[in-house]
Amino acid sequence: MNSNHKILAVTRPNKPPEPSSESPTTNTQEHSRSTGTVKHIPSRTVKPSKPIKHKPKVAVKLPQAENSEGEVFVVGDHILVRAPWGLWARAEIKTFYQSSPDTVMAHFIPKEERTNWTWMGGLIRSDLLKRANPDS
């Protein structure tokens with residue numbers, strides 16, 4: 001037996017082609033339709049997208065607003081709102097804000113208090129405004 005064996009050729013497995021620099025991602029669905037296999041794309045070739053930054057919308061102050069029945073309310077009017085304790089309570093409108101073309105909000109502060117309840121006020125859509133009786 002001869003111990004001088006020489007290697008004449010080496011067969012290596014085919015390496016998949018790397019994505020070109022022009023297109024950092026490959027459409028795997030098109031590739032799988034044509035070859036019947038799914039190609040793995042290394043994560044280093046996929047560039048994460050940057051989040052789109054939107055400027056916040058500025059609410060516009062309004063002098064008045066109307067509810068769904070067409071009744072007009074102005075700053076200083078007294079309204080009925082649901083209090084944190086679950087009953088109707090009187091509140092005073094401090095400001096109206098328009099945040100979108102079809103949404104007007106009324107900022108109110110309470111005129112009624114209950115012991116052990118802290119209530120700083122709140123916001124209500126203008127279409128839900130309900131006028132408080134002047135005598136109550």
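**View 1. R131, partly exposed, and its partner E71.** In this predicted model, R131 has a relative accessibility of 32%, so it counts as partly exposed. Its side chain meets that of E71 in a salt bridge, with 2.7 Å from N to O. The pair ties together distant parts of the chain: E71 sits in the loop between β2 (64–66) and β3 (72–74), while R131 belongs to the segment after β7 (122–125), 60 residues away. E71 also counts as partly exposed, at 33% relative accessibility. There's a third player here too, since a network of salt bridges links E71, D77 and R131.

**View 2. K111 and E92, a salt bridge with a buried partner.** Zoom in on K111 and you'll find a salt bridge to E92, the closest N and O atoms being 3.0 Å apart. Again, distant parts of the chain are linked: K111 is in the loop between β6 (103–110) and β7, E92 is in strand β5 (residues 88–100), and 19 residues separate them. What about cover? E92 comes in at 15% relative accessibility, so it counts as buried; the cut-off for that is under 20%. K111, at 43%, counts as partly exposed.

**View 3. D127 and R125 pair up.** Here D127 forms a salt bridge with R125, and the closest N and O atoms are 3.1 Å apart. D127 is partly exposed at 32% relative accessibility, and R125 is partly exposed at 41%. For the overall tally, the structure holds 5 salt bridges.

**View 4. K61 in strand β1.** This one looks at K61, which lies in strand β1 (residues 60–62). With a relative accessible area of 59%, K61 is exposed, because anything over 50% counts as such. Setting aside neighbours within four places in sequence, K61 is in contact with T95, F96 and Y97. Take F96: it is 35 residues from K61 in sequence, yet their C-alpha atoms are 5.6 Å apart in space.

**View 5. Stepping back to the whole chain.** The protein has 1 helix and 7 strands, and from the N terminus the order is α-β-β-β-β-β-β-β. Of its 136 residues, 21% are buried. About 11,500 Å² of the protein is exposed, with carbon and sulfur atoms supplying 54% of that. As for long-range packing, take the contacts with a separation of 6 or more: residues 24 or more positions apart account for 37% of them.

Conventions: Residues are numbered from 1 along each chain as its sequence is written. This is a predicted model: local features need pLDDT of at least 70, side-chain atom pairs count only at pLDDT 80 or more; totals for chains, interfaces and linings use all residues. Side-chain values use heavy atoms; hydrogens and water are left out. Helices (H or I, at least four residues) and strands (E, at least two) are DSSP runs, numbered from the N terminus. Buried means under 20% relative accessible area, exposed over 50%, partly exposed in between (1.4 Å probe, protein chains only). Contact means heavy atoms within 4.5 Å. Accessible areas come from the Shrake-Rupley method with a 1.4 Å probe; for residues, only the protein chains shown count as cover. A salt bridge is a side-chain nitrogen of Lys or Arg within 4 Å of a carboxyl oxygen of Asp or Glu.
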